[in-house]
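The report below describes the interior, the open and enclosed spaces, and some backbone details of one protein chain. Please read it alongside the sequence and the structure.

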Amino acid sequence: MKIGLFDSGIGGTTILSAIRKLLPDEEYKYIADSKNCPYGEKSDQELEAIVTANTDSLIEWGTEVIVVACNTATTRCISYLRDKYPTIHFVGTEPAIKLATATKAKDILVMATPGTIASERLQSLLAENQKPNQTIELLPCSGLADLVEQNYNSHNLAPVTDYLTKLFQNIKTTPEVIVLGCTHYSLIKPEIQSFFPTAQLIDGNDGVAHQVQELVQK
């Protein structure tokens, strides 16, 4: 089966790797839409045009399964895509709030783009999963995805570390669990972990991979 994926650059390659571990014999096409990075700062109209173009490209290639390997595009556009392309199977990527709240952690930090933080879907995830004794702090990381996109392949992550140093000065608690609500953030786990050595970092990559595996097997 042909499986297509798209994201605003290289971040979704972490999801691609997780899927290929489970389904090594399938065909894959990955669109790294770096020219439109970051998605999290686009208007709804702009983002719908972007995801439509990516989807059309993958359908032309022949895929029946498309992974929206981006938290922002999923939380803001996956309903739009499912309505527009009813014959295509879409698998989305959401901040792993359900996994985080299932732990015994009382202090949880959610790192995500401003677009994901502001989305109705994120608020629904919080309402559905947050326990009474849990504090969940939402941290909009404006520009971080773009910074990772620009510097990751050159192995020059000093600008990322400088950004994180300033960013984490604004948080109110010391998190026990950190939700990486953008696929780009999974690429800088060591850098994030260095600020919070005892925190558990959670992303949704394995969950997405298992959803795709189940879909393909059906």
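What follows goes from the nonpolar cores to two helices, then to the pocket and cavities, and ends with single residues.

## Nonpolar cores

The model discussed here is predicted. Its largest nonpolar core has 25 residues, and those with the most contacts inside this core are M111, L144, L164, F168, I178 and I192. Four elements, namely β5 (107-112), α7 (144-151), α8 (158-167) and β7 (177-180), each supply at least two residues of this core, and the one that gives the most is α7, with four residues. Another core lies apart from the largest one; this other core is made up of 17 residues, among them I66, V68, C77 and I88.

## Two helices and their buried residues

Helix α8 has V160, L164 and L167 as its buried residues. Because these three cover an arc of only 60 degrees around the axis, they lie on the same side of α8. In general, an α-helix has 3.6 residues a turn, so residues three or four places apart point the same way. The elements against which the buried residues of α8 pack are β5, β6 (135-140), α7 and α9 (189-195).

In helix α1, the buried residues are T14, I15, L16, A18 and I19, and what covers them includes β1 (2-7), β2, β3 (65-68) and α10. One of these residues, L16, has its place in α1, which spans residues 13-22. With a relative accessible area of 14%, L16 falls under the 20% cut-off and is therefore buried. Not counting residues up to four places away in sequence, L16 touches L5, Y28 and Y30. By contrast with these contacts, L16 and Q130 are 29 Å apart in space, C-alpha to C-alpha, and 114 residues apart in sequence.

Also found in helix α1 is T13, which is partly exposed, with a relative accessible area of 28%. The C-alpha atoms of T13 and A69 are separated by 8.3 Å, although these residues are 56 residues apart along the chain.

## The largest pocket and the cavities

How many residues line the largest pocket, and which of them lie nearest its centre? The lining is formed by 19 residues, of which G92, E94, P95, A96 and Q211 lie nearest the centre of the pocket. Two or more residues of this lining come from each of α3 (71-84), α4 (97-101), α6 (120-129) and α10 (205-217), and the largest share, four residues, comes from α6.

Turning to enclosed space, the count comes to three cavities of 30 Å³ or more. The residues that line the largest cavity are S8, P38, Y39, G40, C70, N71, T72, T113, A145, G181 and C182. The table sets out the volume and the classes of lining residues for the largest pocket and the largest cavity.

| Space | Volume | Nonpolar lining residues | Polar lining residues | Charged lining residues |
|---|---|---|---|---|
| Largest pocket | about 420 Å³ | seven residues | seven residues | five residues |
| Largest cavity | about 50 Å³ | five residues | six residues | no residues |

## Backbone details and single residues

One residue of the lining of the largest cavity, P38, also marks a backbone feature: the peptide bond from C37 to P38 is cis, with omega near 5 degrees. P38 has its place in the loop between β2 (27-32) and α2 (44-61).

A further backbone detail concerns H155, which has a positive phi of about 60 degrees although H155 is not a glycine. H155 is placed in the loop between α7 and α8. Is this residue, H155, buried or exposed? With a relative accessible area of 71%, H155 is exposed.

The last residue is D107, which lies in strand β5. At 22% relative accessibility, D107 counts as partly exposed, because the cut-off for buried residues is under 20%. Not counting residues up to four places away in sequence, D107 touches T135, T173, T174, P175, E176 and V177. For one of these contacts, the pair D107 and T173, the C-alpha to C-alpha separation is 7.1 Å in space, while the two residues are 66 residues apart in sequence.

Conventions: Residues numbered from 1 in each chain as written. Predicted model: local features only at pLDDT ≥ 70, side-chain atom pairs only at ≥ 80, totals over all residues. Heavy atoms only, no water. Core = buried A, V, L, I, M, F, W, Y, C linked by side-chain atoms within 4.5 Å. Buried < 20%, exposed > 50% of the residue type's maximum accessible area, 1.4 Å probe, protein only. Contact = heavy atoms within 4.5 Å. Arc of directions from axis to C-beta. 1 Å grid on protein atoms, 1.4 Å probe; cavity = no way out; pocket = protein on both sides within 12 Å on 5 of 7 lines; lining within 4 Å. Points joined across faces, edges and corners; volume = space filled by probe spheres on them. Nonpolar A, V, L, I, M, F, W, Y, C, P; charged D, E, K, R; others polar.
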